[in-house]
Amino acid sequence: MGAASAGGAASTPRAGGRRRNLLLLHLAWLMAAVVQLSEVPRSFAALRSGSRVGVPTPSSATRRLSASNAVSMRGKLSDAEKKEKEPLPEAPPGGALLHVEYCEFCDYLPQYNILRKAIEQRFGEKVIVIANQEEVLMELNKEKEYRPCSFEIVDMASKKLLFTKMGSGLHITEKQLWIDKFLDEVEKICEKAKA
C-alpha cells in the first residue's frame with residue numbers, strides 16, 4: 001500500500017506541472033494577442049467612431065521633427081497639391097476609364113498591381129486605370145478616403161460597379177479565370193464606347 005500511495009503522490013506533481021505549463025502557455029498567447037491589438041492602425045481602431053483607443057500618441061520630439069519636416073517640404077507639398085487639382089483623365093476613344101478603390105492598410109496593393117498589369121497586357125493604352133482618387137471617392141462613396149477592407153472596380157463612364165470584394169470576401173486576382181471574365185466585361189465596355 002505504501003508503494004501505491006507513493007506512486008500516486010509522485011504522479012500528482014507532474015500533472016500540476018503540466019497544468020502550470022499549459023496555463024503559462026495560454027497566458028503568453030493572450031499577452032501576445034493584446035500586444036498585437038494595441039498596434040492596430042488608427043483607421044481600424046477608430047473605424048469612424050473617432051476613438052483613439054490603442055493608438056500611441058507621438059512624443060513631443062516627434063511632433064517637433066514632423067513640424068520641421070513640414071516646413072522644409074513646403075515646396076514639395078505645393079507640387080503635390082497642384083497634382084491633386086489636375087482633372088481626371090478621360091477615357092481614350094473606344095476605351096474605358098476604370099477606378100479602383102482599395103484599402104492600403106489591408107495590403108491590397110499587390111492585388112491592385114496584378115489587376116493593373118493584366119489590364120495593361122490585354123488592352124495597352126486603350127483602358128486607363130486610376131486608384132483611390134479623392135474626387136472619385138467623394139462622388140461614389142461620399143468619403144475622401146478609401147473604405148477599410150475595400151477593393152472595388154468602377155467604370156467611370158457609366159458609374160457601374162464591375163467588381164466588389166466587400167460582399168464576397170474574395171479578390172478578383174485569386175483565380176486567373178475570374179480575371180479573364182472581368183477583362184471580357186471590360187472589353188464589352190470598350191466595344192460600347194466605340195459605337
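Author: Let's start with a yardstick: a residue is buried under 20% relative accessible area, exposed over 50%, and partly exposed in between, using a 1.4 Å probe and protein chains only. This is a predicted model, so local features need pLDDT of at least 70 and side-chain atom pairs count only at pLDDT 80 or more, while totals for chains, interfaces and linings use all residues. Residues are numbered from 1 along each chain as its sequence is written, and side-chain values use heavy atoms, with hydrogens and water left out.

Reader: OK, why does Tyr112 count as buried?

Author: Its relative accessibility is 6%. Set that against the limit of under 20%, and Tyr112 goes down as buried. Tyr102 gets the label in the same way, at 8%.

Reader: What makes Tyr102 and Tyr112 a stacked pair?

Author: Ring pairs come first: rings of Phe, Tyr and Trp (its six-membered ring) pair if their centres lie within 6.5 Å, and planes under 30 degrees apart are stacked, over 60 edge-to-face, the rest tilted. That rule gives 3 aromatic pairs here. In one of them, the centres of Tyr102 and Tyr112 are 5.0 Å apart and the planes meet at 15 degrees, so this pair is stacked. Tyr102 belongs to strand 1 and Tyr112 to helix 5, 10 residues apart, and the pair links distant parts of the chain. Those element names are DSSP runs numbered from the N terminus: helices are H or I with at least four residues, strands are E with at least two.

Reader: And why is the pair of Phe151 and Phe163 called edge-to-face?

Author: Its planes stand at 75 degrees and its centres are 6.5 Å apart, so edge-to-face is the verdict. Phe151 sits in strand 3 and Phe163 in strand 4, so the pair ties together parts that are 12 residues apart in sequence. Both Phe151 and Phe163 are buried, and ring pairs join them with Tyr108 in a cluster.

Reader: How do you know that strand 3 and strand 4 pair?

Author: Two strands pair if DSSP finds at least two bridges between them. Strand 3 (151–155) and strand 4 (160–164) have 4 bridges, in the antiparallel sense. Glu152, for instance, has Thr164 as its bridge partner in strand 4.

Reader: What makes strand 2 and strand 4 the edges?

Author: The open sheet has 4 strands in the order 2-1-3-4, with mixed pairing. Strand 2 and strand 4 each have a single partner strand, so one side of each has no neighbour in the sheet. Neighbouring strands are turned by 25 degrees against each other on average, ignoring direction. Such axes are lines fitted to C-alpha atoms (for helices, over the stretch in contact), with angles from 0 to 180 degrees between N-to-C directions.

Reader: What is odd about the phi of Lys159?

Author: It is positive, about 60 degrees, although Lys159 is not a glycine. Lys159 falls in the hairpin of strand 3 and strand 4, which has 4 residues between the strands. At 38% relative accessibility, Lys159 counts as partly exposed. Asp107 also has a positive phi, near 60 degrees, and is found in the loop between strand 1 and helix 5. Its relative accessibility is 53%, so Asp107 counts as exposed.

Reader: Which residues have the most contacts inside the largest nonpolar core?

Author: A nonpolar core is a set of buried Ala, Val, Leu, Ile, Met, Phe, Trp, Tyr and Cys residues joined through side-chain atoms within 4.5 Å. The largest one has 27 residues, and the most contacts inside it go to Val100, Ile119, Val127, Phe151, Ile153 and Phe182. Among the elements giving two or more residues are strand 1, helix 5 and strand 2. Helix 8 gives the largest share, 6 residues.

Reader: What is Ile119 in contact with, leaving aside neighbours within four places in sequence?

Author: Contact means heavy atoms within 4.5 Å. By that test Ile119 touches Leu98, Gly124, Val127, Val129, Phe182 and Leu183, leaving aside neighbours within four places in sequence.
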